[in-house]
Amino acid sequence: MHALRPLLRKSLFNLFAAALASAALLAPRAASAEALLLIEADSGKVLQAENATIPWYPASVTKIMTAYVTLKAVKDGRLTLDTLLTVSPTAASQSPSKMGFRPGTQLTVDNALKMMMVKSANDMAVVLAEGVGGSIDGFSAMMNDTARKLGMTQTSYVNPNGLPADGQITSARDLGILARSFLRDLPEYEYFVHIPAIRFGKRVTGNFNKLIGRYPGADGFKTGFICASGYNLVASATRNGRRLIAVVLGANSGTARAVKAAQLLERGFSQDNLTWLRPSLGTVDRLVPVDASPPNLREDMCGGHRKRPASDDDDALIAANGGTAGSASATGGEAQVTFFTAGLQPPLMKASELMASAPAAAEPVLVYTGPTRTGTALIAAVAADADQQATPKPRGKKSRVARKPDAADKPAADKLKDAKTAAAKPDAAKPDAKSDTKSAAKPAGTKHAAAKHDAAAKPAEKPAASGDQAAKPAKPKAATKPAAKPANNS
């Protein structure tokens, strides 16, 4: 009996530890953690939910609703995909990421939607809002009315792009409902949520959703990021006719959100035969909302500890950081992703490696300004946009070329001055010889100095004048700063 006691104690300890582990898994996670949700698109059945009903800042996943309201207006005949919209000063003033068009620029609903959904262009969201709702406030009222009709009880909107604003709130639950509604109500426009890349002029922009072209069967939806929300992603994928929707809110990087979404989707596809082992979580609309304030992740996401400013496309590719960035935290120690192509099963691949790989080859979709065009007119429109993009570049090159001789201007002027005074001062012959040798090694500087011969040819001029000469080239340097092409993506 005494011999059995240690074994009994050990068994009880193991049972207690298992109970604690189970309680930890079942207990709700802290509000500052991520919110995760996995559902079946057709039935709305919840396969996994963690913090799914805690309010959250949506960031650019707001644009799913912007696209939904716009495309509903198209379907109802209130406008068409060919309707021309105009970029207003309000739209042009939006923060990046944006296309950066000047006020007065016109483009179609079709092109504005493509730019908004792929590049996450905040200015295009406002263009659509003003075109459909008359104003940002008018369109926001339409968004809120739509959310109420769809059963998104935790959602409110004050703008169409998700830029930080009081009252711009949603939850993983509500985003799951919205994604399902989009697929159910607008199947003919589903294309807009999985365009792999767009080409505007000479510039190609890949979809910020890194599952597109990487995770097998990925076919939606949208990314989002602001400091307060962290990295958000609504993703969908289809396998063997079964479509799943994953929502990730508050991930710590662009890589992490893609990896976690891939893990959720893979878990849902691979465990289809074991659902009877897990307790039923009901349908997404039956999840009970939590009455709380959204967590503010600003310090975690945008605090001074970050090596570079965070953005919606931040470190989305592990390969960009030598194949290691974010790998450990993103994978969480799991994530073998299996995929099937033409009936063959390649070796298992980690989700982090899958997201780091190059996307499948796909022709970028052409987008352009102006009315709808086809054939040679389309080619001409694309060429015109490319020429407009190239306009500032020659100025920048001229300025850069001008800076090189300017940097050598002072020594070249001094060399010519020495050459002029050499005849009157024979004892200066040695310095002149050295100066000539140096000047031969710098023909560009000499050529530029010759253009300023009159200014450099006064032997009686004080050394201070030479300093003034050197100060003059500073003006072209300052002028080159505005010519530098600003980054227009987030």
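The following questions and answers concern a predicted model and examine one serine and one sheet.

Q: Why is Ser120 called buried?
A: Its relative accessible area is 2%, and buried means under 20%. Ser120 therefore meets the definition. In the chain, Ser120 is found in the loop between α4 (109-119) and α5 (122-133).

Q: What makes the pair Ser120 and Ser60 a polar contact?
A: The side chains of Ser120 and Ser60 are 3.2 Å apart at this contact, and a polar contact requires N or O atoms within 3.5 Å. The value therefore satisfies the distance cut-off.

Q: How do you know that β5 and β12 pair?
A: Two strands pair if at least two bridges are found between them. Strand β5 (residues 197-200) and β12 have 3 bridges, in the parallel sense, so the condition is met. In one of the residue pairings, Val365 of β12 is the bridge partner of Ile198.

Q: Why do β6 and β12 stand at the edges of the sheet?
A: The open sheet consists of 3 strands in the order β6-β5-β12, with mixed pairing. β6 (203-206) and β12 (365-367) each have a single partner strand, so one side of each lacks a neighbour in the sheet. On average, neighbouring strands here are turned by 30° against each other, direction ignored.

Q: Which helices lie across β5, β6 and β12?
A: Helix α4 lies across these strands, running at about 125° to β5. Helix α12 (residues 375-390) also lies across β5, β6 and β12, and runs at about 70° to β12.

Terms used: Residues numbered from 1 in each chain as written. Predicted model: local features only at pLDDT ≥ 70, side-chain atom pairs only at ≥ 80, totals over all residues. Heavy atoms only, no water. Helix = DSSP H or I, 4+ residues; strand = E, 2+ residues; numbered from the N terminus. Buried < 20%, exposed > 50% of the residue type's maximum accessible area, 1.4 Å probe, protein only. Polar contact = N/O pair within 3.5 Å; in protein donor to acceptor, adjacent residues only side chain to side chain. Axes fitted to C-alpha atoms, helices over the stretch in contact; angles between N-to-C directions. Contact = heavy atoms within 4.5 Å.
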